[in-house]
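Dear colleague,

I am passing on a structure for you to look over, and my notes on what was found in it follow directly below. Please read them alongside the coordinates.

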Amino acid sequence: MALATKPILPMICVAAAATLCVPGCNESQYETEHLRIEIAFDPPLCQGNIDHYERVVTILEQQLGTSVRKPIEVYLSDDPTAFSELGWCNEAVIGCYWNGVVYASYLSIDHELVHAVIDTFATPTAFWNEGAAEALTDRTFFGQTAPVDNLDLAGYPQLSYNTAGHFSRWLLETHGIDLYRKLLRARGSSRE
């Protein structure tokens, strides 16, 4: 399937601040074919958001030629720093995919869902993993450093997400999704 030319952009509902729900509390949980979402805010999650997140996973499955066989666990908070404060994500990030679970805010959920879908078929290096999460969900921008200078960096904060995303988008548009899938599946360093 050809790469979608339009990025996946979220529909955002206004949510009031609330305390973070600990994983497994089941106070506000939503399930779809591909997702099990738990929220830590009021009011309830909008159906439009739920439909959007499900659509993101479905589109990614098609683009990446994979299948999400069990629902992806998602913990969604309106406080983008909550997950780092609880130790689930590194400091100063607004979401992460860690230990098979998406911890996200509205700002990061699409990006983190890419990681979860990629995890169904590959374990790419940080450059390709973050590049895919940027290129498959949003506009991309030139980074301040060259792709070759980022290839073997471990991830945040050293890796330029802009550079990885923009280079990945360029590869997708010039060489197609089949080559990109191979890059995601490749073993060894990003240079190899």
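N99 is exposed, with a relative accessible area of 69%, where exposed means over 50%, buried under 20% and partly exposed in between, computed with a 1.4 Å probe on protein chains only. N99 sits in the loop that joins β4 (95-98) to β5 (101-104), and its phi is near 55 degrees, a positive value in a residue other than glycine.

Please bear in mind that this is a predicted model, in which local features need pLDDT of at least 70 and side-chain atom pairs count only at pLDDT 80 or more, while totals for chains, interfaces and linings use all residues. Residues are numbered from 1 along each chain as its sequence is written, and side-chain values use heavy atoms, with hydrogens and water left out.

On either side of that loop, β4 and β5 pair in the antiparallel sense over four bridges, with Y97 standing opposite V102 in β5; helices (H or I, at least four residues) and strands (E, at least two) are DSSP runs numbered from the N terminus, and two strands pair if DSSP finds at least two bridges between them. These two strands belong to an open sheet of five strands with mixed pairing, in the order β1-β2-β3-β5-β4. Because β1 (29-31) and β4 stand at the edges with a single partner strand each, one side of each is left without a neighbour in the sheet. The twist from one strand to the next averages 15 degrees, and helix α1 (residues 47-64) lies across β1, β2 and β3, running at about 140 degrees to β2. Here axes are lines fitted to C-alpha atoms, for helices over the stretch in contact (heavy atoms within 4.5 Å), and angles run from 0 to 180 degrees between N-to-C directions.

Turning to charged pairs, a salt bridge is taken as a side-chain nitrogen of Lys or Arg within 4 Å of a carboxyl oxygen of Asp or Glu, and the count by this rule comes to three. E31, R36 and E73 are linked in a network of salt bridges: the closest N and O atoms are 3.4 Å apart for E31 and R36, and 2.5 Å apart for E73 and R36. The latter pair links distant parts of the chain, with E73 in strand β3 (residues 72-76) and R36 in strand β2 (residues 35-39), 37 residues apart. Within this network E31 counts as exposed at 54% relative accessibility, whereas R36 is partly exposed at 23% and E73 is partly exposed at 22%.

R181 also forms a salt bridge, with D178, the closest N and O atoms being 3.1 Å apart. Because R181 and D178 are three residues apart in helix α5 (residues 161-185), about one helical turn separates them. R181 is buried, with a relative accessible area of 14%, while D178 counts as partly exposed at 48%.

Finally, N129 is found in helix α4 (residues 126-135) and is buried, with a relative accessible area of 19%. Leaving aside neighbours within four places in sequence, N129 is in contact with H115, I118 and P124. The side chains of N129 and H115 make a polar contact at 2.9 Å, that is, a pair of N or O atoms within 3.5 Å of which, within protein, one must be able to donate a hydrogen and the other to accept it, residues adjacent in sequence counting only if both atoms are side-chain atoms.

With best regards
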